[in-house]
Amino acid sequence: MDLYILRHADAWPLGEQGIRTDEERFLTKRGEQQARRAGQALVQLGVHPRLVWSSPWLRARQSAELLMRAWPNLPALHLMPDLVPPGDLPALLLAIRQEKGGNGRVERQI
């Protein structure tokens, strides 16, 4: 199993565009372009995921959804509350280990 970790694309800061909480922050136009381009770059690299995990926070979900549009066969999207700061690393590692074919080890780092 290969694991790719991507950060969300550019999002509006707190206090702008009526945003009151961190989880309400949404992508800027630039961020939307970044997410689309990231998906296209992964396709060009031959990456074809069957599963995408995302924080349930708006900017992360938007990034994942735009990224996923690059693949003709859309991967499944799973919202993972453990990806919300501060997160729960043991729970994330357990979820990785439970994925079919996953052993929980990092095979390579990029």
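Modeller: Helices are DSSP runs of H or I with at least four residues, strands are runs of E with at least two, and both are numbered from the N terminus. Keep in mind that this is a predicted model.

Biologist: In which segment is arginine 25 found?
Modeller: Look for Arg25 ahead of the helix that covers residues 29–44, which is H1. Arginine 25 is found in the segment before H1.

Biologist: In what order do the elements of the chain run?
Modeller: Start with the inventory: the chain has three helices and two strands. Read from the N terminus, their order is α-β-α-β-α.

Biologist: What radius of gyration does the chain have, and what would a compact globule have?
Modeller: The C-alpha trace spans about 45 × 30 × 25 Å along its principal axes. A compact globule with 110 residues would have a radius of gyration near 13 Å, and the value for the chain agrees with that. The chain has 15 Å.

Biologist: What share of the contacts between residues at least 6 apart joins residues at least 24 apart?
Modeller: Take the contacts between residues at least 6 apart in sequence as the whole set. Within that set, the share joining residues at least 24 apart is 60%.

Biologist: Is arginine 59 buried or exposed?
Modeller: Arg59 lies in helix H2. Buried means under 20% relative accessible area. Arginine 59 has 8%, so it counts as buried.

Biologist: Which elements cover the buried residues of H2?
Modeller: H2 spans residues 58–68, and its buried residues are Arg59, Ala60, Ser63, Ala64, Leu66, Leu67 and Met68. Their cover includes helix H1 (29–44), strand E1 (51–54) and strand E2 (76–79).

Biologist: Which residues does arginine 25 touch, leaving out those up to four places away in sequence?
Modeller: Arg25 has a relative accessible area of 16%, so it is buried. Arg59 in turn touches Arg25, along with others including His8 and Asp22. The residues that Arg25 touches are Ala11, Trp12, Pro13, Leu14, Ile19, Leu58 and Arg59.

Biologist: Which residues make up the largest nonpolar core?
Modeller: In soluble globular proteins, nonpolar side chains tend to be buried together. In this chain, buried residues make up 29% of the 110 residues. Ala35 touches Ala9 and Leu66, among others. The largest nonpolar core has five residues: Ala9, Ala11, Leu27, Ala35 and Leu66.

Biologist: How many Å separate the C-alpha atoms of proline 72 and alanine 95?
Modeller: Pro72 sits in the loop between H2 and E2. Pro72 is exposed, with a relative accessible area of 74%. Along the chain, proline 72 and alanine 95 are 23 residues apart. Their C-alpha atoms are separated by 26 Å.

Biologist: Is the peptide bond from proline 85 to proline 86 cis or trans?
Modeller: Pro86 has its place in the loop between E2 and helix H3 (89–98). Omega of the bond from Pro85 to Pro86 is near 5°. The bond is cis.

Biologist: What is phi of glutamine 17?
Modeller: Most residues other than glycine have a negative phi. Gln17 is found in the segment before H1, and at 52% relative accessibility it counts as exposed. Its phi is positive, near 55°.

Biologist: How far apart are the mean positions of the positive and negative charges?
Modeller: The chain has 15 positive and 12 negative charges. Take the mean position of each set; the two means are apart by 5 Å.

Methods. Residues are numbered from 1 along each chain as its sequence is written. This is a predicted model: local features need pLDDT of at least 70, side-chain atom pairs count only at pLDDT 80 or more; totals for chains, interfaces and linings use all residues. Side-chain values use heavy atoms; hydrogens and water are left out. The radius of gyration is taken over C-alpha atoms; the globule rule is 2.2 Å times the number of residues to the power 0.38. Buried means under 20% relative accessible area, exposed over 50%, partly exposed in between (1.4 Å probe, protein chains only). Contact means heavy atoms within 4.5 Å. Lys and Arg count as positive and Asp and Glu as negative; His and the chain ends are not counted. The place of a charge is taken as NZ of Lys, CZ of Arg, CG of Asp or CD of Glu. A nonpolar core is a set of buried Ala, Val, Leu, Ile, Met, Phe, Trp, Tyr and Cys residues joined through side-chain atoms within 4.5 Å.
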